[in-house]
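Hello,

Here is the structure we talked about. Please have a look, then read my notes below.

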Amino acid sequence: MSPLVSELHLYDIANVKGVAADLSHCNTPSQVLDFTGPSELANCLKGVDVVVIPAGVPRKPGMTRDDLFNINASIVKSLVEAVADNCPEAFIHIISNPVNSTVPIAAEVLKQKGVYNPKKLFGVTTLDVVRANTFVAQKKNLNLIDVDVPVVGGHAGITILPLLSKTRPSVTFTDEETEQLTKRIQNAGTEVVEAKAGAGSATLSMAYAAARFVESSLRALAGDPDVYECTFVQSELTELPFFASRVKLGKNGVESIISADLEGVTEYEAKALEALKSELKVSIEKGIEFVHKQQTAAASV
Ligand SMILES: NC(=O)C1=CN([C@@H]2O[C@H](COP(=O)(O)OP(=O)(O)OC[C@H]3O[C@@H](n4cnc5c(N)ncnc54)[C@H](O)[C@@H]3O)[C@@H](O)[C@H]2O)C=CC1
Ligand SMILES: O=C([O-])CC(=O)C(=O)O
């Protein structure tokens with residue numbers, strides 16, 4: 001098997017190169033494809049095992065991720081339609097924001113096309129884990145490479161919930177540290193958007209996070225039995241239809257969803273988990289409704 005990676009970036013392949021560069025040390029044979037126009041889309045996608053979708057507009061200062069919905073929803077919809085038509089078996093990594101809505105959009109499109117496999121559709125939340133690990137390592141003077149903080153929920157504001165009590169290696173935090181670190185991790189994307197002052201959002205760190213998630217997917221596809229990542233997927237961990245958590249990845253995608261992280265959480269984390277659910281629910285439903293409305297409109301023409 002020779003996994004192929006395609007990133008659906010029609011006009012600007014800077015991020016493709018970023019991912020390609022970071023994948024160069026992978027043991028798995030991989031090839032990154034790019035293309036310059038929609039007419040090449042079908043050919044590029046044939047036989048591809050992993051598709052990464054970062055297409056769309058980024059935030060400007062003062063915007064929420066949800067403010068990107070009106071533009072990015074249609075972009076993600078049309079790209080996932082192409083994936084469904086040309087490589088329905090591929091792992092699909094959705095980076096385009098708002099991830100809390102674009103993943104449900106992708107799921108609905110794949111359902112309409114009759115090729116939805118919930119085990120192979122992923123919202124990329126790796127950057128939240130990268131940030132959580134970095135900030136905790138700094139705070140506690142730990143080696144970054146040793147630190148692993150599970151981040152659950154979704155990928156926007158309070159829906160990003162780092163489970164600091166589940167940090168490995170085991171470390172303790174004061175209430176003040178927990179509050180400060182949680183807020184910093186939740187607002188890190190906004191911090192970057194504000195620092196870039198209109199020039200976009202996190203790009204290099206996103207390329208790093210995407211490369212990590214692609215590499216994990218390729219390792220899983222190649223049969224590595226020990227691949228775990230946090231990602232926003234269809235889930236029964238909570239009453240919400242989609243939820244980010246650690247999952248075990250295998251050749252067929254999500255092999256299992258790790259429930260242990262949600263067991264025995266602190267009171268602070270339990271409250272934050274309850275608080276995020278209503279916002280996440282609204283974002284998920286917004287994505288689903290978008291596809292249903294478009295379907296109804298198309299049927300009435
Ligand atoms: N999930 C995550 O952790 C993160 C998500 N993002 C999101 O990723 C998306 C992209 O952000 P950046 O790369 O910084 O933006 P960017 O503006 O640098 O790149 C976006 C690319 O999408 C392309 N594009 C626009 N419309 C398209 C279409 N219809 N079909 C195909 N490609 C199209 C543009 O030509 C451009 O090359 C944004 O929605 C951003 O919010 C960014 C950082 C982290
Ligand atoms: O904040 C943004 O708009 C981009 C993003 O998702 C992140 O950096 O986590």
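What percentage of the 301 residues in the protein do buried residues make up? Buried residues make up 45%. Keep in mind that this is a predicted model.

**Overall picture**

The protein has 8 helices and 10 strands. Of the contacts with a separation of 6 or more, 69% are between residues 24 or more positions apart. The average pLDDT is 89, and 87% of the residues score at least 70. For the complex, the predictor gives an ipTM of 0.99 and a pTM of 0.91.

One stretch needs care. Over residues 7–36, pLDDT stays under 50. The model has 58 contacts beyond four places in sequence for that stretch. Where pLDDT is low, predicted coordinates should not be read in detail.

**Helix α4**

Helix α4 covers residues 99–112. Its 14 residues should span 20 Å at 1.5 Å a residue, and the end C-alpha atoms are 20 Å apart, which agrees.

Is α4 enclosed or exposed? It is largely enclosed by the rest of the structure, because 12 of its 14 residues are buried. The buried residues run from Val-99 through Leu-110, and include Asn-100, Pro-104 and Glu-108. They pack against the helices α3 (69–86) and α8 (267–299). They also pack against the strands β4 (91–94), β5 (121–123), β8 (227–234) and β9 (242–250). After α4 comes Gly-114, with a positive phi near 75 degrees.

**The loop before α4**

The loop between β4 and α4 holds Ile-95 and Asn-97. An unreviewed UniProt entry lists both under "binding site", together with Asp-12, Asn-72, Ser-96 and Met-206.

Ile-95 counts as buried, because it has 27 C-beta neighbours inside 10 Å. Beyond four places in sequence, Ile-95 is in contact with Val-52, Ile-53, Pro-54, Val-124, Met-206 and Ala-210. Met-206 is thus both a contact of Ile-95 and a position in that UniProt annotation.

Asn-97 is buried too, with 27 other C-beta atoms within 10 Å. Asn-97 touches Arg-65, Leu-68, Asn-72 and Thr-102, leaving out residues up to four places away in sequence.

**Around ligand 2**

Which helix gives the largest share of the shell around ligand 2? Helix α6 (residues 175–196) does, with 4 residues. The shell divides into 5 nonpolar, 4 polar and 2 charged residues. Among the residues around ligand 2 are Pro-58, Arg-59, Arg-65, Asn-97, Leu-127, Val-193 and Ser-201.

A second "binding site" annotation, also from an unreviewed UniProt entry, covers Arg-59, Arg-65, Asn-97 and Arg-131. Arg-59, Arg-65 and Asn-97 are in the shell around ligand 2.

Arg-59 lies in the loop between β3 (50–53) and α3. With 23 other C-beta atoms within 10 Å, Arg-59 is buried. Arg-59 touches Arg-65, Asp-67, Leu-68, Val-193 and Ser-201, not counting residues up to four places away in sequence.

Arg-131 is found in helix α5 (residues 126–140). Arg-131 is buried, with 26 other C-beta atoms within 10 Å. Outside its neighbours within four places in sequence, Arg-131 is in contact with Ile-185 and Ala-188.

Best wishes

How values were computed: Residues numbered from 1 in each chain as written. Chains lettered and ligands numbered in written order. Predicted model: local features only at pLDDT ≥ 70, side-chain atom pairs only at ≥ 80, totals over all residues. Helix = DSSP H or I, 4+ residues; strand = E, 2+ residues; numbered from the N terminus. Expected span 1.5 Å × (residues − 1). Buried ≥ 20, exposed ≤ 12 C-beta atoms within 10 Å, placed from the backbone. Contact = placed C-beta atoms within 7 Å. Near = placed C-beta within 6 Å. Nonpolar A, V, L, I, M, F, W, Y, C, P; charged D, E, K, R; others polar. UniProt positions renumbered as here; feature names shortened; annotations may be inferred. pLDDT = per-residue confidence, 0-100.
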